[in-house]
Amino acid sequence: MKYTYLGPEGTFSEAALLSVSDAAYAERIPAQSVPSALAKVRRGEVDAAMVPIENSVEGGVTATLDSIASGDDLRIIGEVLVPIRFILIGAPGVRLDEVSVVSTHSHAWAQVRGWMEETLPNAEYVPASSTAAAAVAFLDGDPGYDAAVCSPIVAEQHPELNLLATDIGDNANAITRFVLVTSAREGLPTPEPTGADKTTVVIPLPQDRAGALMDLLEQFAARGVNLSRIESRPTGESLGSYFFSIDAEGHLENQRMRNALRGLHRVSPGVKFLGSYPRADGKRPILDPHHSDEAFSQADEWVDSL
């Protein structure tokens, strides 16, 4: 097996990947960005990619939502939840009170902004492709900033780095959700239902009119399918043209989900199925009896008997 992830080594994406059963013994190839990681999957250079898709503080990771929705179809086959902790790495010889420019990924910066405003109120922020990339740049010389926000894994892998501060996150309960993505090639099986599953779809808004979104959402509501995430993203085609990225509770093999997907396809034929896979938290949906598979089967039998 060959896996890729948002690199370089030491990112939270690598930590998520290492929780996959066979990843520790497989070839792991870091990618410079989420789009490049997913491009490797689409070209067949790797078997799967581990990329961030959602953060409990900042919400959806737009680079992932946009990249996974466009281009050749992909499949999500699993998810991993990683608790997020941050440290501050400095340039060699730099003290904490000397830091004036800090670099890290935009999602990381949003999660340490409070600490920064209190500790380094005058520090300037410089975006980086990943938390680890910002930190390990010090190993190659002067990257143009004084400090970097990264994960504790980076300090463990590179003890020679100048550690300035630990546990600098504003939210001690911050979690990032990662998804394992593979190609949607013909014949690839969907993971078996566990009873605690998610299904991810991308739905273009068929037309810009009053009630258009309600037409999509009622396909889920009428079948008792709860949504755990819904986000709108521009298609890039024109102003006001959007698609919706949705995580729904349930599996493709569940009758309620199959009926919801049928309804979605009638309303928006461009809907993309991105996969059904086990939930990382093992949470099972709360269902009314009339939304069970048995209730749908009995309804089908009744209609067939008429």
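Which residues does methionine 50 touch, not counting residues up to four places away in sequence? The legends below take up this question in a predicted model, then move on to other close-up views.

**Figure 1. Methionine 50 and its surroundings.** Leaving out residues up to four places away in sequence, methionine 50 touches Thr4, Tyr5, Leu6, Ser13, Ala16, Leu17 and Val20. Farther along the chain numbering, Val80, Phe178, Val179 and Leu180 complete the list of residues that Met50 touches.

**Figure 2. The largest nonpolar core and a second one.** Here you can place Met50 in its wider setting: the largest nonpolar core has 48 residues. Met50, Leu88, Val102, Met116 and Ile168 are the residues with the most contacts inside this core. Helix H4, residues 106-119, gives the most to the core, with five residues. A second core, separate from this one, has 21 residues, including Ile53, Ile68, Val181 and Phe243.

**Figure 3. Arginine 233 in strand S13.** Look for this arginine in strand S13, which spans residues 227-234. Arginine 233 counts as buried because its relative accessible area is 19%, and buried means under 20%. Its side chain and that of aspartate 66 are joined by a polar contact of 2.7 Å. Apart from neighbours within four places in sequence, arginine 233 is in contact with Thr62, Leu65 and Asp66, and also with Ser241, Tyr242 and Phe243. Phe243 appears in the previous legend too, as a member of the second core.

**Figure 4. The largest pocket.** This view shows a pocket holding about 300 Å³ of space. Its lining is made up of 22 residues, and Leu6, Phe12, Pro52, His105 and His107 lie nearest the centre. Several elements each supply at least two lining residues: helix H1 (12-18), helix H2 (34-42), strand S3 (48-55), H4 and strand S11 (175-183). H4 provides the largest share, three residues. Sorted by class, the lining has eleven nonpolar and eleven polar residues, with no charged ones. Leu6, one of the residues nearest the pocket centre, is also among those that methionine 50 touches.

**Figure 5. The largest cavity.** A search of the whole structure turns up one cavity of 30 Å³ or more. The volume of the largest cavity is about 40 Å³. To find its lining, look for Ile84, Arg85 and Phe86, together with Asp167, Gly169, Asn171 and Ala172. By class, three of the residues lining this cavity are nonpolar, two are polar and two are charged.

Definitions and conventions
Residues numbered from 1 in each chain as written. Predicted model: local features only at pLDDT ≥ 70, side-chain atom pairs only at ≥ 80, totals over all residues. Heavy atoms only, no water. Core = buried A, V, L, I, M, F, W, Y, C linked by side-chain atoms within 4.5 Å. Buried < 20%, exposed > 50% of the residue type's maximum accessible area, 1.4 Å probe, protein only. Helix = DSSP H or I, 4+ residues; strand = E, 2+ residues; numbered from the N terminus. Contact = heavy atoms within 4.5 Å. Polar contact = N/O pair within 3.5 Å; in protein donor to acceptor, adjacent residues only side chain to side chain. 1 Å grid on protein atoms, 1.4 Å probe; cavity = no way out; pocket = protein on both sides within 12 Å on 5 of 7 lines; lining within 4 Å. Points joined across faces, edges and corners; volume = space filled by probe spheres on them. Nonpolar A, V, L, I, M, F, W, Y, C, P; charged D, E, K, R; others polar.
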